[in-house]
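Let's walk through this protein together, moving from one strand out to the whole chain and back to a single helix. Keep the viewer open as you read.

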Amino acid sequence: MTEPVASSGGDRTPASDDRPEPDAVSGDHAEIDASPTPGLILSTLGVVYGDIGTSPLYALRESLRHAHEHHMAETAVIGIVSLLFWTVVLIVTLKYVVLILRADNNGEGGTLSLVAKAQGALHRRAWWLYLVGIVGVSLFFGDSMITPAMSVLSAVEGMTLVLPGFGNWVVPVTLIIVVALFWVQRTGTEAVSRFFGPVMLIWFLTIGVLGAMHLLDDSRILQALNPLYATGFIARNGLDVLPVMGSVFLAVTGAEALYADMGHFGRGPVRISWLAIVFPALTLSYMGQGAMVLSHPENAGNPFFLLAPAAFTLPLVVLATAATVIASQSVISGAFSVSQQAVQLGLLPRLEIQHTSDTQQGQVYLPRVNLILMTGVCALVLAFGSSERLASAYGIAVTGDMVITSILAVIVFRYAWKWNWLAVLAIMLPVLAIELVFFSANLMKVVDGGYVPLMFAAVVVTFMLVWMRGTLLLQRKLSAESVALDFLVEQLTDSPPTVVPGTAVFLTADSTIAPPALMHNLKHNRVLHERNFVVTVEAATTPRVPEDRRIRVEQLAPRFWRVWLRFGYMEQPNVPKALAGAKAQGLRFDVMSTSYFLNRRSLRVGKARLMPLWASRLYAGMYRSASEPTNFYRLPSNRVVELGQQINI
């Protein structure tokens, strides 16, 4: 793609050699999956299951509201609860917990991990897979904004049951909570989960107990465990069921974050916490709410909070507020992981990435992403003002992302796991059919607010496509105007300029051409270092690369070496540390006497336009906004030399 350091954009090139990626297809367990300790399981409750764990606050309420609007019978409660239960079973338990969590890429989850795994299974880089992945990631980012707004609003609104005049304070209090949540992200997932985990454990125990207390309000609700009641409800109501289905889907929002967050804790803890704690608690809550509504139809307006005795309403609202703050954590940490993957795979410019844990490699914090999400969440809270109105915008992004995940999963199951087509279709066709029904139901919300996540996703897709296209065209332009590295080395060997002691490192995306920084150094300084390393940083299709496969060296001449450094898409490149590995290959590499030469490019939108004017300006703006290459590649700032260059695009 582009030059990794010399450019301001900092994209890494794809791995270019033919060596197989370790575990790229096998789906072997990552190291963090080895021992799911109680502490790790507890932490997953706070980071992974916050979103889906707070869906009882609004999923049944919104479903009943739509059923009432279409004049459905009171017994529709059983059908709706049955839909809620079996949707959770099929989409979350079967698809994600049982199947998709196995489709990790060396322990990492998320749409881009699935894309990388699918590409490894196909043994080629298919452009349409990248496009599918880009759309999926963009939809996930749209969900990352709506989830915190929806969750916190719905909890704070519960205060109106305790303080009737609290309605005017819902939005201001929600904004304060949202800003505080994003501010605490800088402390890292590990620090946050120490507090969030125990709170969510109390939450799940509470909603489970409250639901169990009301199960016998009307024992007919137990019939909801029979899937025939769900299918019968759909058959009886025909197309009128679509608005209800759109709200039923709210019960599984957060399932995508479950997969994206897997890299933070591992497959084992995610599965155990779901099967032992989260799923039973959700089942009891939905069943209890349904039984209470059957017995007292007047409670359908807010069935969750009315489960608690009047004296416990305020403590439940406080707990729900805390739980919904935590619910936002699952998509926020998932957004950080996905953003890091996008940067490392060249879909976005360099972003500042801070690793927040010494023990868990997947825990990262991206300040710019955090700021963008916080701004978007606050804007949504101000624009919609209530969870009921915001529910109209909720679900479209998630259903779209889930459909994309299912399509990618079919490729992985067939070509990576070698399942026969009959087994793949028998499992995935019903799941995909259900998700397409939900997607169709949510499309009905577009006019009422569903356009918001779609517009945001479209913006993200545009940014990614412009960045990839601009990077490719810029690299082609530079390659056409450059000097072949082999030719330059031959000339310098025959007629060397003044040779000075020390080692020079020049970084480039194309190892066949002379780096601009090397050409500028020769032209302006008229010197050549005693030892010169032309380094290309490559992005592997696995999350991490073993140290023994990190570096590859080729000597071009007595004073020149060509070096390839490989990093996984979940790794922060550390060029000096990787180059130190050259000693294992018999090369003398003195870190203290090394200078790093970077080419600082300034892009100007001129007559030699590589893209339409709007795309060129957008690309130039993204290029300028990229983080400093010195920090991104962990270069020692006191040993970096930057040489400027202006380029018309």
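Strand β6 (residues 551-557) runs antiparallel to β7, and six bridges join the two. The link between β6 and β7 is a hairpin through two residues, and across it Ala 557 has Phe 560 of β7 as its bridge partner. Before going further, please keep in mind that this is a predicted model.

Strand β7 also pairs with β5 (residues 527-539), this time in the parallel sense and over eight bridges. Here Phe 560 turns up again, as the bridge partner of Asn 532.

Is β7 enclosed or open to its surroundings? Eight of the eight residues in this strand (residues 560-567) are buried, so β7 is largely enclosed by the rest of the structure. Side chains in a regular strand alternate between the two faces of the sheet. You can follow the two sets in β7: Phe 560, Arg 562, Trp 564 and Arg 566 point one way, while Trp 561, Val 563, Leu 565 and Phe 567 point the other way, and all of them are buried.

Now zoom out. The protein has 24 helices and nine strands, and 62% of its 649 residues are buried. Among contacts with a separation of 6 or more, 84% are between residues 24 or more positions apart. The protein exposes about 24,100 Å², with carbon and sulfur atoms supplying 63% of that area.

Next, look inside. In soluble globular proteins, nonpolar side chains tend to be buried together. In this model the largest nonpolar core has 184 residues, and Tyr 49, Trp 203, Trp 274 and Phe 413 are those with the most contacts inside it. Apart from that core lies another, of 16 residues, including Ala 504, Phe 506, Leu 518 and Leu 522. Which residues does Trp 274 touch, leaving aside its neighbours within four places in sequence? Its contacts are Tyr 49, Ile 52, Val 88, Val 92, Thr 93, Val 97, Phe 279, Pro 280 and Leu 282.

Finally, turn to helix α23 (residues 613-625), where a quick geometry check is possible. At 1.5 Å a residue, its 13 residues should span 18 Å, and the end C-alpha atoms are 18 Å apart, which agrees. The buried residues of α23 are Ala 615, Ser 616, Leu 618, Tyr 619, Ala 620, Met 622 and Tyr 623. Their cover includes α19 (446-480) and β8 (594-604).

Conventions: Residues are numbered from 1 along each chain as its sequence is written. This is a predicted model: local features need pLDDT of at least 70, side-chain atom pairs count only at pLDDT 80 or more; totals for chains, interfaces and linings use all residues. Side-chain values use heavy atoms; hydrogens and water are left out. Buried means under 20% relative accessible area, exposed over 50%, partly exposed in between (1.4 Å probe, protein chains only). Helices (H or I, at least four residues) and strands (E, at least two) are DSSP runs, numbered from the N terminus. Two strands pair if DSSP finds at least two bridges between them. Contact means heavy atoms within 4.5 Å. Accessible areas come from the Shrake-Rupley method with a 1.4 Å probe; for residues, only the protein chains shown count as cover. A nonpolar core is a set of buried Ala, Val, Leu, Ile, Met, Phe, Trp, Tyr and Cys residues joined through side-chain atoms within 4.5 Å. The expected span of a helix is 1.5 Å times one less than its number of residues.
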